[in-house]
Amino acid sequence: MPWFVLYTKSRSEKLVAHALRKKGIEVYCPLRKIEKQWSDRIKIVEEPLFKSYCFVHLKEEERHLVF
């Protein structure tokens with residue numbers, strides 16, 4: 001089974017990955033933890049390693065499930 005690349009809407013990678021996992025599709029969407037600083041605080045947030053992309057592992061004939 002090959003891996004396919006999905007181009008997603010910006011900042012919705014985690015939502016897409018979650019929805020595909022609920023459908024039973026294997027998804028690879030690596031996240032990294034970074035420190036973001038605002039004027040009043042510093043917070044550790046998770047952001048995708050590859051912005052606007054998710055990777056799915058499925059058979060060629062199962063591609064229609066993603067769309």
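Let's start with Phe4, which counts as buried because its relative accessibility is 19%, and the cut-off for buried is under 20%. Phe4 sits in strand 1. One caution before I go on: this is a predicted model.

Stay with Phe4 for a moment. Look across to Glu60. In sequence, Phe4 and Glu60 are 56 residues apart. In space, their C-alpha atoms are 9.2 Å apart.

There is a second pair of this kind. Val27 is in strand 2, residues 26–28. Its partner here is His57. These two are 30 residues apart in sequence, and 6.5 Å apart from C-alpha to C-alpha. Val27 is buried, because its relative accessible area is 11%.

Now the surface. Which residues form the nonpolar patch? Trp3, Val5, Tyr7, Tyr28, Leu49, Phe50 and Tyr53. Together they have about 780 Å² of accessible area. Strand 1, residues 3–7, gives the most to this patch, with three residues. So strand 1 has two sides to its story: Phe4 is buried, at 19% relative accessibility, while Trp3, Val5 and Tyr7 belong to the surface patch.

Take Phe50 from that patch. Phe50 is in the loop between strand 4 and strand 5. Strand 5 covers 53–57. Phe50 counts as partly exposed, because its relative accessibility is 39%.

Ser52 is in that loop too, between strand 4 and strand 5. Ser52 is buried, with a relative accessible area of 10%. Check its backbone as well. Phi of Ser52 is near 70°, a positive value in a residue other than glycine. For context, most residues other than glycine have a negative phi.

Where else does a positive phi turn up? At Arg11, where phi is near 70°, and again the residue is not glycine. Arg11 lies in the loop between strand 1 and helix 1. Arg11 is exposed, because its relative accessible area is 77%, and the exposed class begins over 50%.

Arg11 takes us to the largest pocket. Its volume is about 280 Å³. How many residues line the largest pocket? The count is 13. Arg11, Glu13, Glu47, Pro48 and Lys51 lie nearest the centre.

Which elements build the lining? Helix 1, residues 13–22, and strand 4, residues 42–48, each supply at least two residues. Strand 4 gives the most, with four. As for chemistry, the lining has seven charged residues, three polar and three nonpolar.

Two of the residues nearest the pocket centre are Glu47 and Lys51. They also pair with each other. Their side chains meet in a salt bridge, at 3.6 Å from N to O. Is each partner buried or exposed? Glu47 is buried, because its relative accessible area is 11%. Lys51 is exposed, because its relative accessible area is 54%. Add Arg32, and you have a network: Arg32, Glu47 and Lys51 are linked by salt bridges.

A general word on these contacts. Side chains of opposite charge can pair when their charged atoms come close.

How many salt bridges does the structure hold? Four. Let me take two more of them.

One joins Asp40 and Arg41. Their closest N and O atoms are 3.1 Å apart. Asp40 is exposed, because its relative accessible area is 59%. Arg41 counts as partly exposed, because its relative accessibility is 42%.

Another joins Arg63 and Glu60. Here the side chains meet at 3.0 Å, N to O. Both partners are partly exposed: Arg63 has a relative accessible area of 33%, and Glu60 has 47%. You have met Glu60 already. Its C-alpha is 9.2 Å from that of Phe4.

Let me recap for the bench. For the pocket, look at Arg11, Glu13, Glu47, Pro48 and Lys51, the lining residues nearest its centre. For the charged network, look at Arg32, Glu47 and Lys51. For the nonpolar patch, begin at strand 1, which gives the most to it. For unusual backbone angles, look at Arg11, with phi near 70°, and Ser52, also with phi near 70°.

Notes
Residues numbered from 1 in each chain as written. Predicted model: local features only at pLDDT ≥ 70, side-chain atom pairs only at ≥ 80, totals over all residues. Heavy atoms only, no water. 1 Å grid on protein atoms, 1.4 Å probe; cavity = no way out; pocket = protein on both sides within 12 Å on 5 of 7 lines; lining within 4 Å. Points joined across faces, edges and corners; volume = space filled by probe spheres on them. Nonpolar A, V, L, I, M, F, W, Y, C, P; charged D, E, K, R; others polar. Patch = residues over 30% accessible without salt bridge, like charges linked within 9 Å, V, L, I, M, F, W, Y side chains within 5 Å. Areas by Shrake-Rupley, 256 points an atom, 1.4 Å probe, with all protein chains shown as cover. Buried < 20%, exposed > 50% of the residue type's maximum accessible area, 1.4 Å probe, protein only.
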